[in-house]
Amino acid sequence: MMKLLLPLLFCLTIFSVNGQSVVVDDFKKFSKNDFKISYPSTWRIDTSGTMNSKVFFFSPADGPDDKFSDNLNVMVQSLGGQPIDIQKYKEISEQQIKVMFSEGKLLESKVENSSGREEYRLSYEFSPGIFKLKVSAICFIKNDMAYLATFTSEISKFERYQEAAEKMLASFVGK
């Protein structure tokens, strides 16, 4: 089971050049065969499958010195008939975060019922190299598939993007 979730956690960050203010009312819809999500119209989309993702949404650059692109990525992974419910997913994720990000700080890890579905919410901070990052993620399980949307931002810019990220996460649904 640990091998199953490891690729999901590796996709929590990506390094690129891109950041800027978000107009929360100007959102577009993105849809694939297995999910849909809304995103800020000014954000760049990458559907190349980088790091096993279905899609990455990157914020616009703050300027030439902006070395980290705040982003939200979506992954959908088959659970392959393994008996993993959302509570077990939570336990596995917490273990992996402790191992992968020993210097990290877990801020939130809870299962809740939202909009008629059981979902796992996760938030933590960690510092890979020169970056100080904050992650906010949501996961739900539907039809033997794990759906994960993860927003990653520099801690110093997190509040700027928080409203847009929450709107994106709230719009995330599986088909």
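Good morning. Tyr-147 is buried, and Phe-172 is buried as well. I should say at once that the model before you is a predicted one.

Let us stay with these two residues. Tyr-147 belongs to strand β9, residues 145-154, while Phe-172 sits in the loop between α3 (158-171) and β10 (173-174). They are 25 residues apart, and their pair links distant parts of the chain. The wider setting is a cluster in which ring pairs link Phe-30, Phe-35, Tyr-39, Phe-57, Phe-140, Tyr-147 and Phe-172.

How many aromatic pairs does a search of the whole structure find? The search finds 15. Consider the pair of Phe-68 and Phe-131: the ring centres are 5.3 Å apart and the planes meet at 55°, so this pair is tilted. The class follows because planes between the limits of 30 and 60 degrees count as tilted. Phe-68 lies in the loop between β4 (55-58) and β5 (71-78), and Phe-131 in the loop between β7 (117-126) and β8 (133-142); the pair therefore ties together parts that are 63 residues apart in sequence. Both of these phenylalanines are buried. Tyr-147 and Phe-172, by contrast, form an edge-to-face pair, with 6.4 Å from centre to centre and 65° between the planes.

Finally, I turn to the surface. Which residues gather there in a patch of positive charge? They are Lys-29, Lys-36, Lys-167 and Lys-175. One of them, Lys-29, lies in strand β1, residues 27-31. Is Lys-29 buried or exposed? Its relative accessible area is 74%, so Lys-29 is exposed, the cut-off for that term being over 50%. Thank you for your attention.

Definitions and conventions
Residues numbered from 1 in each chain as written. Predicted model: local features only at pLDDT ≥ 70, side-chain atom pairs only at ≥ 80, totals over all residues. Heavy atoms only, no water. Patch = residues over 30% accessible without salt bridge, like charges linked within 9 Å, V, L, I, M, F, W, Y side chains within 5 Å. Areas by Shrake-Rupley, 256 points an atom, 1.4 Å probe, with all protein chains shown as cover. Salt bridge = Lys/Arg side-chain N within 4 Å of Asp/Glu carboxyl O. Lys, Arg positive; Asp, Glu negative; His and termini not counted. Charge placed at Lys NZ, Arg CZ, Asp CG, Glu CD. Helix = DSSP H or I, 4+ residues; strand = E, 2+ residues; numbered from the N terminus. Buried < 20%, exposed > 50% of the residue type's maximum accessible area, 1.4 Å probe, protein only. Phe/Tyr/Trp six-rings, centres within 6.5 Å; stacked < 30°, edge-to-face > 60°.
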